[in-house]
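Visitor: Could you walk me through this structure, one question at a time?

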Amino acid sequence: MGSELRALRRHTACYSAPSVGLVAAVLVVCLAWLTLQPAWASGEENDPAMQLAACRQKVLDAPQDYLSHLCFFQVARQYSRSTHPQAWSQSREALQTRRRDDTDHGWPSLVLGYFATGRDNEAALRHFEAAIPQLERHGETLGVVLAHANAHRILLRQGQHRAATEHMLAAQRSAEAGANSEATARALVLAASHRLNTGGDLGRSYADLQRAAGLVAERDDLARLQSSILFELGRLAFELGRWHDAITTYEHLLALRQAQEDAYGTAGIALNIAMARQGQLELAPDAAALPDLEARAAVALDLANKEGSRINAARAHRMLAEVLISRRPEDAKVHIEACLAAAREIADVAIESSCHSVRGRLLAQRDPAAALAASRQGLDLAQRHQNPLYEVFAWRSLVRAAWHALEREAALEVSHQALDAIESLRKVQQDPLTRAQLLSNWSTELAWLAGRLLEDETPDLAQAFAIIERLRSPVLLESVERSPTVGTSEGERRRIRKRIAAIQRRLLDPGLGSDLRQRLLNELDGWELQERFLAAPEVAKERRETRFVELREIEATLRPDEALLSFQIDLWIDFFGQAGGGAWVIVSTAQGSRRFALDPSLALAPSVSIFLGLLQRRDGSEADVAHQLYTALLTDALADLPAATRRLVLVPDGVLHHLPFAALRAEPEAPALGQRFEIVQAPSASLWHRWRHDEVPPARRSLLALADPRLPSAPRHADTTRSAVLLQGLHLGQLPHARHEGRAIVRRLGGRLVVGAEASEHFVKGHDLAQYGVVHFASHAVADGQRAERSCLILTPGGLEEDGLLRSPEIADLDLGGRLVVVSACQTAAGELLRAEGILSLARAFFEAGAHGVIGSRWPLRDADAAFFFESFYGHLATGQSAAAALRSARREAIAKGLPTAAWAGVSLLGNGDLRVSPEAAAGASTWGWKVAGGGAMLLLLGFWGWRRTK
């Protein structure tokens, strides 16, 4: 979503967004602009009377023109209602006179609605609804859409969901019937906003916003509409918990407003930046940042008061209350009361609901009964408003109040109702990525509940484990459970992918100009979005209740030599100074399960980052940090494992997805964990359990290896690493060690080797991959940390309609039939990390295609290291070892050879570690050798037969 938002910002303007450090300065400038502008009224251009006279002349010259009537509101908006009320009232009176003079046309009524909005919403609604039939009679499609959109906004805030929906649908019908691109764009923005405000399909909202941006991209006269699109994009990022994307989008919008010398509406933008910054701090609390956050919210409140925006004033009071809960609760209480008063004044049910919820959070520890009452009131209002997003926000407060005010079982019942509300909101989303992002945004609520169940002296391990599993790759589990998408959309999918391939072929050219490259990327965004949503209705129709594995089933499945470690990584103390979910590990064996609290003093994220940096130095300097991480994460968990334990199945969380567990050590000089144990990682215990029990038919052949494909426009030099950066063009060389690797593993295991020009995208898509026990890729790869669908393996195109980039969506459409996939390329186990879903990597795409095990790398592999390591791995696999055992043996050989930790620790096995492959030929013989030997034997037999015949 991050790069998608950036692409849409490029559609709207070319202004540079200010850095986060400059936001405060921009806001101060905007505040000064709003405060001082009335004092500038010296000269005709700043004299309200002269400007109103100009508006009257515009109406005389063009009596049926929207902009002529809008002129009156623009004059009024130029001056603050609180500091220059006369200009506001004179503008409105002039427009009222105009309406009396022309009662037939709807423009005066429409613009009068703008004046009343936020001050007298009932009057505003009457103006908008009166304007609609008048504008329809005159064929003013744009005006009709504008009137419906404004009526919709008021009704929705009042909680009149059905009436608001009718206005949204009517706006869409009017836009479809007309031929006005601006009206169409505004109807699309309205539909997107409606979904955002009602907890609808957020992915569809993004699609509508992108289409609207394309319609107005070249319209210099629609700067305000372009700003509206950016504003809604920022809201979309906010609801998905994409805090950085939200901040940069709103910063860009601030810069755009500043360049247009238009500061109206700055309060909402400033407040949204502050709230997104709060979202960041809720994930990583920093007490030193709270004063800055408070200052941002205070500036936004001042701006709202200057603009006369009661809605944004209420929201700013609510945010100030949240920021002050842990530091100055009495001040927080004052802001809550101000929030409630403002929300009631404008009859905004949604804002009032959220203010009650924050009040519940404030009172939770001091007055549990009052907190419970306030939280219930917030939930009642949210349900009346029929906005699942506000409902989930209200449940968040109610759950915490319940655990303070009610008995455990009653509190647990409330908690499960809250989980159901989150799940209902998630299921509305048709796009899998949006479902994953939305759950990630609310994952803290589930982690908090699991922590409450784990902290008791006699913890409820079964329920805690069940809740944690709901946070472990649920969308991937849904994808694995559903049948492949086929049907009427297949032809359309091919058409879209053909167009994507054509664009990407051009993007591979490193000499492409920057302007053209940007235009192509913008076009690619649109086609990728169509591809993403093409199958969404079919997937939604197939979606059924996902079944998560129970703890007792895991214990029954584990063999005596296995242990499964399921991690939860959450805050011990949250942003509000209250208990968080905490950091835990549940250790399960065939004998039962236990839980251990992890060291709260260890800052995991920076420690993992430092560890990864030291590994890349390849000099052994990572040993001390490897010991520290082992002590914090594993010492207690591994202390009392059964003596027979030789395999660890790890289900990581959060930053632990990036951690190479195999490199951790009990002591700086002790053997690495990957030497002591077979290590398997799983996206979730439910998926691991499924893969362990799924029956897979025997493979007809042992191995398919694709190595060193011929790259499009590749230079003649040899590359030392197997990575690429697609968006800068293809600067890649051939991989001679990859070809050697392919030959070596076929000698070990038998099977088929495909190299050079034959190792093509066309071949992979058209070949029966499920017949092989292992499918091995030795090539360059792209791991896109922001756009999972652009992660790809780079192969020879092999067909006129292919580009050689085997992308994640195309991988997911393959049929891998429960096999093992080995990707000997850079960062194939890396990608964007979503809290509830894990890493959106190439490995994930192979699982969606039906693989039961994927071996990939977390960081760039040196060509020679990869060749040595995988030749060793296949040598052990050929002896009958499981994939997990063969990987441990290969690690041991790499260590014995003296290779640095970075050469082997980044290669990990995800999925089912039990996968085995039977060799096709004896060790040391190639398939060609067997063919030659067989041919020779046949000739000898024929010769012997001929000799006998002649006797």
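Guide: Gladly, and a definition comes first: helices (H or I, at least four residues) and strands (E, at least two) are DSSP runs, numbered from the N terminus. This is a predicted model, in which local features need pLDDT of at least 70, side-chain atom pairs count only at pLDDT 80 or more, and totals for chains, interfaces and linings use all residues. Residues are numbered from 1 along each chain as its sequence is written, and side-chain values use heavy atoms, with hydrogens and water left out.

Visitor: Which helix holds Thr-165, and is Thr-165 buried or exposed?
Guide: Thr-165 belongs to helix α9 (residues 161–177). Buried means under 20% relative accessible area, exposed over 50%, and partly exposed in between (1.4 Å probe, protein chains only). Thr-165 has 19% relative accessibility, so Thr-165 in α9 counts as buried.

Visitor: Which residues is Thr-165 in contact with, leaving aside its neighbours within four places in sequence?
Guide: Contact means heavy atoms within 4.5 Å. With the neighbours within four places in sequence left aside, the contacts of Thr-165 are His-152 and His-194.

Visitor: How are Phe-73 and Trp-88 paired?
Guide: Rings of Phe, Tyr and Trp (its six-membered ring) pair if their centres lie within 6.5 Å; planes under 30 degrees apart count as stacked, over 60 as edge-to-face and the rest as tilted. The structure holds 16 such aromatic pairs. For Phe-73 and Trp-88, the centres are 6.0 Å apart and the planes stand at 70°, which makes the pair edge-to-face.

Visitor: Where in the chain do Phe-73 and Trp-88 lie, and which aromatic cluster includes them?
Guide: Phe-73 is in helix α4 (residues 66–77) and Trp-88 in helix α5 (residues 85–101), 15 residues apart. Both Phe-73 and Trp-88 are buried. Their one aromatic cluster consists of Phe-73, Trp-88, Tyr-114, Phe-115 and Phe-128.

Visitor: Why is the pair of Trp-572 and Trp-584 called tilted?
Guide: The ring centres are 5.3 Å apart and the planes meet at 50°, so this pair is tilted. Trp-572 is in the loop between β1 (562–568) and β2 (584–589), while Trp-584 is in strand β2. Trp-572 is partly exposed at 30% relative accessible area, and Trp-584 is buried at 6%. The angle behind the name "tilted" is 50°.

Visitor: Which charged ends sit over the ring of Trp-448?
Guide: A charge sits over a ring if NZ of Lys or CZ of Arg is within 6 Å of the ring centre and within 35 degrees of the ring normal. One such charged end is 4.6 Å from the centre of the Trp-448 ring, and another is 5.0 Å from that centre. They belong to Arg-400 and Arg-452.

Visitor: At what angle do α30 and α31 pack?
Guide: Axes are lines fitted to C-alpha atoms, for helices over the stretch in contact, and angles run from 0 to 180 degrees between N-to-C directions. Helix α30 (residues 604–615) and helix α31 (residues 623–633) have axes 10 Å apart. Among the residues that meet are Phe-611 in α30 and Leu-629 in α31. The packing angle is about 145°.

Visitor: Is Glu-669 buried or exposed?
Guide: Glu-669 lies in the loop between β4 (647–651) and α33 (673–676). Its relative accessible area is 75%, so Glu-669 is exposed.

Visitor: Why is helix α34 described as largely enclosed?
Guide: Helix α34 covers residues 685–693. Trp-688 and Trp-691 are among its buried residues. The helix is largely enclosed by the rest of the structure because the buried residues number 7 of the 9.
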